[in-house]
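Visitor: I am new to this structure and would like a short tour. Could we begin with what sits at its centre?

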Amino acid sequence: MTQRDRQRIAAGLADGLPYAEIARRLDRPTSTISREIARNGGPGGYQPQRAHQATLQRARRGTPTPSRGAGPPTGALEEEIIEMAVGTGLPRMMARVHLDLLLSEDGRRTAAELTRRLKISPASVSVAVNYLVEQGFVRRERDPRRRRDVYVVDDDAWYHSIVTSSQRTLAVARRSKEAAEAFGLDNPVGRRLARGGELLERVSLDMLESAERWHTSTRARVVFRWPRRGRE
């Protein structure tokens, strides 16, 4: 990879482009871009000149150098997970914060911990966690002793996020059907809105029913296991 390529990577990161788009512009695999950024400071600390010099030094020594100054997540696998999340529509900063919470030992971080680990501003953390809480990915707890918020990803996080998303889609579906009635079902616009609303309503209801069945069944399994453990 040339120094010019690295400058284009830095420019792409500054513009907030996803790795896949940077890779497309450089005509390289996304995994190559992901590794390049991960081993040279991460998305928040990538510097093209330093990355180029580090590559030259590694080539002279013939051994890889671990990344320096990179805030978690820095591994190629983690970066690829972030790219997948961005591909589904999750903003990059929110994806980074969400992944860091998911990979924490107890699924808990304070705003100060997220700021320090990800090397981002407190304002960025605040925007990210508020979004994640709103979407159901994360919940907020209050630490009364230290008078601070703690952000938590628990075992039901995916369940809550699916329910939140499905309920919002259901509201859109029903509003679309109302609009279809206003236009009239004999009108092309009305028929189009009605058909779209029916699809979104059916899919949303199916998702809610499936999520509820899963949630109920997992709670039942946990309740069933406790007496057995007590007798062993």
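Guide: In this predicted model, the largest nonpolar core has 20 residues, and those touching the most other members are Leu90, Val97, Leu101, Leu114, Leu132 and Val138.

Visitor: Which helices supply at least two residues of this core?

Guide: Helices H6, H7, H8 (111–118) and H9 (122–134) each do so. H7 gives the most, with five residues.

Visitor: What about a second core, which residues does it include?

Guide: The second core is separate and has twelve residues, including Ala10, Leu13, Ile37 and Tyr46.

Visitor: Back to H7. How many of its residues are buried?

Guide: Nine of the eleven residues of H7 are buried, so this helix is largely enclosed by the rest of the structure. The buried ones are Arg92, Met94, Ala95, Arg96, Val97, His98, Leu99, Asp100 and Leu101.

Visitor: And what is Leu101 in contact with, leaving aside its neighbours within four places in sequence?

Guide: Leu101 is in contact with Gly107, Arg108, Arg109, Leu114, Val138, Tyr151 and Val153.

Visitor: Arg108 is on that list. Where is Arg108 found?

Guide: Arg108 belongs to strand E1, which covers residues 108–110.

Visitor: Is Arg108 buried, partly exposed or exposed?

Guide: Arg108 has a relative accessible area of 31%. Buried would require under 20% and exposed over 50%, so a residue in between counts as partly exposed. Arg108 is therefore partly exposed.

Visitor: Which residues does Arg108 contact, again leaving aside those within four places in sequence?

Guide: Its contacts are Leu101, Glu113, Glu141, Val150, Tyr151 and Val152. In addition, the C-alpha atoms of Arg108 and Asp154 are separated by 8.5 Å, while the two residues are 46 residues apart along the chain.

Visitor: Let us change topic to pockets. Which residues line the second largest pocket?

Guide: The lining consists of Ile81, Ile82, Ala85, Thr88, Gly89, Leu90, Ala95, His98, Leu99, Leu102, Phe137 and Trp158. Leu90 thus appears in this lining as well as in the largest nonpolar core.

Visitor: How much space lies in that pocket?

Guide: The second largest pocket holds about 220 Å³ of space.

Visitor: Which helices contribute to the lining?

Guide: H6 (76–87) and H7 (92–102) each supply at least two residues of it. The largest share, four residues, comes from H7.

Visitor: How do the lining residues divide into nonpolar, polar and charged?

Guide: Nine are nonpolar, three are polar and none is charged.

Visitor: Now Ser161, please. Is it buried or exposed?

Guide: Ser161 is buried, with a relative accessible area of 6%. Its place is in helix H10, residues 157–183. Not counting residues up to four places away in sequence, Ser161 touches Gln135, Gly136 and Phe137. Phe137 is also one of the residues lining the second largest pocket.

Visitor: And earlier in the chain, which residues of H2 are buried?

Guide: In H2, residues 19–26, the buried ones are Tyr19, Glu21, Ile22, Ala23 and Leu26. Asp27 follows this helix and has a positive phi, near 60 degrees.

Visitor: Finally, the whole chain. How many helices and strands does it have?

Guide: The chain has eleven helices and three strands. Their order from the N terminus is α-α-α-α-α-α-α-β-α-α-β-β-α-α.

Visitor: How much of the chain is buried, and how much area is exposed?

Guide: Of the 232 residues, 36% are buried. The chain exposes about 14500 Å², with carbon and sulfur atoms supplying 53% of it.

Terms used
Residues are numbered from 1 along each chain as its sequence is written. This is a predicted model: local features need pLDDT of at least 70, side-chain atom pairs count only at pLDDT 80 or more; totals for chains, interfaces and linings use all residues. Side-chain values use heavy atoms; hydrogens and water are left out. On a 1 Å grid over the protein atoms alone, a cavity is a set of points where a 1.4 Å probe fits but cannot get out, and a pocket is an open set with protein on both sides within 12 Å along at least five of seven lines; lining residues have an atom within 4 Å of a point. Grid points are joined across faces, edges and corners, and a volume is the space filled by probe spheres set on the points. Ala, Val, Leu, Ile, Met, Phe, Trp, Tyr, Cys and Pro count as nonpolar, Asp, Glu, Lys and Arg as charged, and the others, Gly among them, as polar. A nonpolar core is a set of buried Ala, Val, Leu, Ile, Met, Phe, Trp, Tyr and Cys residues joined through side-chain atoms within 4.5 Å. Buried means under 20% relative accessible area, exposed over 50%, partly exposed in between (1.4 Å probe, protein chains only). Contact means heavy atoms within 4.5 Å. Accessible areas come from the Shrake-Rupley method with a 1.4 Å probe; for residues, only the protein chains shown count as cover.
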